[in-house]
Amino acid sequence: MATASRAAPRSRAEPGAATVARGERSTTDAAARVVLALAVLLWIVTFSVLVYLKHERFASVDFDMGIHDQSVWLLSHFRGFLTVRGLQVFGHHATPGYFLFVPFYWLGGGPHLLNITQVVVAGLGAVPVYLLARFRTSNAWVGAALGVTYLLHPALQFFMAELFHPEVLAITPLLCAYYCSVRRWWTWFALFAVLAVCWKEDLALAIVVLGLIIALRGDRRIGLATAGLALAWFALWIFALFPLLNGGKVQGEGLYADVGGSPGGVIRTVFSHPTRITNRLVSGDSADYAWKLLAPYGLTALLAPLSLLLAGPQWFLNLVTSVPWTKTIAFHYAALPFAAVTIASVEGVSFLVRRWRTRAAAGVVAVAVLVCALITTIAWGPSPIGQEYRRGSWALDANPRLDHAREAVAMIPDRVPVSATYNLLPHLAHRAGIYSFPNPWRSQNFGIDGEPRRSPLDVQWIVADRAVFDAPTKALFDGLVGDGTFRVVYDRDDYVVARRAR
């Protein structure tokens, strides 16, 4: 349109024509916004219902629903030791964002608040996607198409199915921070960057890269200041606060045991045994991981390599671990790479639209990306139209057996120390002492390297689902009941409640 207006001769009718053009454009923009708003609303309602049912039907688990719920509850009661994980709340991760939920926990908030807030915030991530694409292309329908594509991405849907995780809550603020950096709205940029970083220490590395991108684009002082502050925040936690809170250790080091363990050890491995790193970076898992992140956007992120660098730090950290769950789109570890791919895809699509300029070309690109998103969400996604919908991601069927689970949980008094199996723990996490059975008798995923232990003498109740016992856990429970330490007071359909007898 700008090219056409330059080519047109000036006339008395030109202002009126421009007014008509602006009116048409305003109507078009409004229609695109309505379509996107309806898509966002449908997405939020759908996944809010699904996450609500998942917790209500006892499909949430100790790691990590119980961890996050107890963490916020502890902070709301001015306590700090996270008994689900065996660490201080801020020894687990750097999540000062928890404090945003504390006032709501004073009013009775809990897991549903965390889960539905995550759904709402994640769904609203389509807004900065729309705004960025609209600004880059001057085409609201391209923005709406990319916003819908974002909602269709299987990774985002899997994050909802996994329930609340702080880094997932950071996706939307990170998208907003990038958009504000493009518009050079620095006050808003700072606000959203801080809001993103407050959810996990890893976010600081993404902000470091974003600061360097800003510097390369010409705003050197702001970019370097952003990168420096974010790097200092990350270093403060990794090299000072985590070791201080955890007896000299950093939670999560076990994931990197094969490549050096500690942050310093990983750096040394890069130089001393680089093939240990490179072999993982180019593995089949890495290729599949990249494909499933990039394909829903039609591989358009590859057209914006500078923006794609935002994924670099977390991508590296995810791929060099010794476990498989950091290398899949099905878990929260993919949250930051997903955000970076989203940004790069918007920039890539915008590049094509600007290059070809015509509305027809913009429409073709937008439709092509939407088709890719629809195909992949059906093939890989856990939404109601996806192949994974009925394969265990959700609690879709009401099981009559769960009535006994509710009865068992309801028997436990408030605030008393409890040990519960992993599938019952999230319904009992609002207390200072809640352990994932067989903790604290036998350390299992507790502390760092199984330490520190807590005294089992404090535990007054055990509530368990025998169906999830392995042989050693069954033997421990039977022993505690058999020697008279605990007395069974409820036992129905494998749900059992035992109270300390001596």
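The following questions and answers concern the strands, backbone geometry and nonpolar cores of a predicted model.

This is a predicted model, in which local features need pLDDT of at least 70 and side-chain atom pairs count only at pLDDT 80 or more, while totals for chains, interfaces and linings use all residues. Residues are numbered from 1 along each chain as its sequence is written, and side-chain values use heavy atoms, with hydrogens and water left out.

Q: How many bridges join strand β6 to strand β7?
A: Strands (E, at least two residues) and helices (H or I, at least four) are DSSP runs numbered from the N terminus, and two strands pair if DSSP finds at least two bridges between them. Strand β6 covers residues 486–492 and β7 covers residues 495–500. The two run antiparallel, and the number of bridges joining them is six.

Q: Which residue in β7 is the bridge partner of Tyr-490?
A: β6 and β7 form a hairpin with two residues between them. Within β7, Tyr-490 has as its bridge partner Val-497.

Q: Is Asp-494 buried, partly exposed or exposed?
A: Asp-494 lies in the loop between β6 and β7 and has a positive phi of about 80 degrees, although it is not a glycine. Buried means under 20% relative accessible area and exposed over 50%, with partly exposed in between (1.4 Å probe, protein chains only). At 35% relative accessibility, Asp-494 is therefore partly exposed.

Q: What is the omega of the peptide bond from Phe-63 to Asp-64?
A: Asp-64 is placed in helix α3, residues 62–76. The bond from Phe-63 to Asp-64 is cis, with omega near 25 degrees.

Q: Where is Pro-438, which a cis peptide bond joins to Phe-437?
A: The cis bond between Phe-437 and Pro-438 has an omega of about 20 degrees. The place of Pro-438 is the loop between β4 (434–436) and β5 (461–465).

Q: Which helix gives the most to the largest nonpolar core?
A: A nonpolar core is a set of buried Ala, Val, Leu, Ile, Met, Phe, Trp, Tyr and Cys residues joined through side-chain atoms within 4.5 Å. The largest has 133 residues, of which Tyr-150, Phe-159, Met-160 and Ile-171 touch the most other members. With 12 residues, the helix that gives the most to this core is α20 (residues 335–356).

Q: How many residues are in the second, separate core?
A: In soluble globular proteins, nonpolar side chains tend to be buried together. The second core includes Leu-480, Phe-486, Val-496 and Ala-498, and its number of residues is 13.
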